[in-house]
Amino acid sequence: MNDFEGKVILITGGAGGIGRETAQQFLDRGASVELWDMDKDAGDKLVKKWTDEGHKVHFEKVDVTDFEAVKKAMNNLQERWEQLDILVNNAGITRDATLKKMSPEEWKQVVDVNLNGVFYCGKAAAEVMREQESGVILNASSVVGVYGNFGQSNYVATKSGVIGLTKTWARELGRKGVRVNAVAPGFIETPMVDTVPDKVLEELKGQTPLGRLGKPEDIASAYVFLASEQAAFITGTVLQVDGGLVF
Ligand code: NAI
């Protein structure tokens with residue numbers, strides 16, 4: 001299916017986990033994709049593989065916590081592709097600890113990537129999309145941003161914050177033809193959950209009505225749907241993709 005032919009998609013944190021699978025699904029549907037990530041080796045390898053397969057794809061090493069770098073990369077993106085149709089604000093990290101043990105440094109690192117990074121990239125993308133009078137911004141939240149989670153004050157605060165940004169930007173940008181939505185994944189099999197003990201993951205599976213953890217494909221499909229024309233009247237919403245873990 002080539003329903004994204006002629007569309008330009010920017011995916012932050014696009015070199016790993018959910019971001020990489022999201023890039024794959026958009027490429028398979030004919031889109032041009034730009035990846036921003038800190039992991040240059042992984043990014044370069046993906047670009048080589050996908051270019052060899054005939055896809056249109058570019059990688060930039062961008063730290064989303066650096067607003068100047070984000071603005072520069074956005075200018076380069078505009079020169080390269082001349083448009084930006086969809087931003088998937090996906091880069092994120094965890095530094096888990098209980099409130100008692102969490103250091104201010106661990107707090108700030110997570111806020112910097114998961115919240116400041118989303119703000120900086122969203123702000124830069126919105127400038128382009130406002131001018132175009134079209135675009136879609138998709139933000140990575142999490143079910144823990146809705147329900148909280150033991151040992152994740154920093155992460156949960158950012159993922160709740162992302163929901164607030166999503167709803168606010170939907171209001172500010174709707175009249176300019178820009179839709180803004182969030183996806184709230186449950187627990188998904190990527191390097192991010194490597195630090196979660198196996199016992200906890202087994203318990204989570206047991207609590208999930210669909211009886212399994214999520215796969216990156218499950219989340220990528222949600223982004224593709226929300227970016228598509230089928231979602232043309234959906235904005236300001238948070239789509240939970242968690243196998244029914246929490247409702
Ligand atoms: P991951 O750890 O597999 O991939 C994250 C990517 O972000 C990596 O490629 C990393 O290099 C990049 N990144 C980290 N800091 C960056 C920075 N400062 N600038 C640019 N890139 C940076 O993570 P995963 O699992 O693919 O998660 C993607 C998003 O989905 C994150 O926002 C995460 O919080 C969210 N999410 C993931 C869940 C899961 O269970 N895996 C559950 C709920 C939400």
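UniProt positions are given here in the numbering of this chain, and such annotations may be inferred rather than shown by experiment.

**View 1. The stretch that UniProt lists as "domain: Ketoreductase".** Let's start with the annotated part of this predicted model. The record, an unreviewed entry, assigns residues 7-186 to this domain. Over residues 7-186, helix accounts for 53% of the chain and strand for 19%. The C-alpha atoms at the two ends of the stretch are 28 Å apart.

**View 2. The shell of residues around the ligand.** Here we move in on the 30 residues around the ligand, of which G13, G16, G17, G92 and T190 come nearest. By class, the shell holds 16 nonpolar, eleven polar and three charged residues. At least two shell residues come from each of α1 (17-28), β2 (32-37) and α4 (104-132). Of the elements, α1 gives the most, with three residues.

**View 3. Helix α1 where it meets helix α8.** Two packed helices are described by the angle between their axes and the distance between the axes. For α1 and α8 (residues 216-227), the axes come within 8 Å and cross at roughly 55 degrees. The two helices are therefore oblique to each other, and α1 passes α8 in a right-handed crossing. On the α1 side, the contact is made by G17, I18, E21, T22, Q25 and F26. Facing them from α8 are P216, E217, I219, A220, S221, Y223 and V224. Sorted by class, this contact has seven nonpolar, four polar and two charged residues.

Terms used: Residues are numbered from 1 along each chain as its sequence is written. This is a predicted model: local features need pLDDT of at least 70, side-chain atom pairs count only at pLDDT 80 or more; totals for chains, interfaces and linings use all residues. A residue is near a molecule or strand if its C-beta atom, placed from the backbone, lies within 6 Å of it. Helices (H or I, at least four residues) and strands (E, at least two) are DSSP runs, numbered from the N terminus. Ala, Val, Leu, Ile, Met, Phe, Trp, Tyr, Cys and Pro count as nonpolar, Asp, Glu, Lys and Arg as charged, and the others, Gly among them, as polar. Axes are lines fitted to C-alpha atoms, for helices over the stretch in contact, and angles run from 0 to 180 degrees between N-to-C directions. Angles under 35 degrees count as roughly parallel, over 145 as roughly antiparallel, 65 to 115 as roughly perpendicular and the rest as oblique. A crossing is left-handed if the near helix is turned anticlockwise from the far one by less than a right angle, and right-handed if clockwise. Two residues are in contact if their C-beta atoms, placed from the backbone, lie within 7 Å.
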